[in-house]
Amino acid sequence: MNKRLFVAGFIAFILFLILRYVYDLPIFVSFDKNMQALVGENSFIGSFHYLGELKVISLITLILLGWLGFKHPNNPRIIFVLFTIPVGFLLNQLMKNWVKRPRPEIENQLSSYSFPSGHAMLGLLYLLTIAFLLSERTTVEKKKWWIWIVAITLAFFIGLSRVAESRHFATDVMAGWCLGVAWFCLCVYWYINKSSNQLKRD
């Protein structure tokens with residue numbers, strides 16, 4: 001499990017780095033234009049952006065932390081949630097200010113940088129965090145599969161909504177997913193090792 005997490009996270013981070021240095025190549029510029037033509041102004045897909053709003057994610061994070069803290073104040077899951085979501089947000093902001101890619105040129109565009117997409121990255125992080133915590137609480141494999149399928153599907157549409165609304169290029173969204181997966185794998189890796197060490201001490 002730990003080895004697979006490390007490999008998955010490493011691959012996702014390498015893909016992020018590749019996108020960082022190739023997004024302005026003609027083939028990726030063409031890809032961004034084609035994706036915009038495919039899903040641009042799709043109101044159904046665009047509506048998913050609400051699930052990736054910072055205020056929604058912040059509220060859900062506070063609820064998670066309150067629930068975990070009420071049940072077990074010293075629970076390593078609390079640190080896990082703090083790492084995946086709030087620290088994940090800081091990582092996203094650091095990457096945006098490192099790359100400094102302008103957003104697509106549309107009227108009333110947002111003033112912040114574009115790469116990687118915060119909605120794509122944070123949407124994926126908080127949904128996978130919830131899926132991970134829920135899947136820990138069930139031994140029914142079918143339920144676990146459905147939890148992960150729902151989380152991944154929602155994360156996919158949250159990211160795609162930013163292309164539909166012309167807030168991001170498709171490569172921004174892909175980079176957000178890649179960095180999100182890399183960071184999530186690292187956090188899960190830490191959590192599993194922390195939990196394992198705590199069980200040994202107990």
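**Exercise 1. Find where helix α5 bends, and by how much.**

Solution. α5 bends by about 35° at G88, the bend being the angle between axes fitted to the seven residues ending there and the seven starting there. Helices here are DSSP runs of H or I with at least four residues, numbered from the N terminus. This is a predicted model, in which local features need pLDDT of at least 70, side-chain atom pairs count only at pLDDT 80 or more, and totals for chains, interfaces and linings use all residues. Residues are numbered from 1 along each chain as its sequence is written, and side-chain values use heavy atoms, with hydrogens and water left out.

Next, take the span: the 24 residues of α5 reach 33 Å from first C-alpha to last, close to the 34 Å expected at 1.5 Å a residue (1.5 Å times one less than the number of residues). Just after the helix, K100 has a positive phi of about 55°.

**Exercise 2. Place T84 and trace its side-chain contacts.**

Solution. Start with the location: T84 sits in helix α5. Then check burial: its relative accessible area is 0%, so T84 is buried (under 20%, with a 1.4 Å probe and protein chains only). G88, where α5 bends, is also among the buried residues of this helix.

Now follow the side chain. It reaches the backbone oxygen of V81 at 3.1 Å, and a polar contact of 3.0 Å joins it to the side chain of T129. Such a contact is a pair of N or O atoms within 3.5 Å; within protein, one must be able to donate a hydrogen and the other to accept it, and residues adjacent in sequence count only if both atoms are side-chain atoms.

Definitions and conventions:
Helices (H or I, at least four residues) and strands (E, at least two) are DSSP runs, numbered from the N terminus. Buried means under 20% relative accessible area, exposed over 50%, partly exposed in between (1.4 Å probe, protein chains only).
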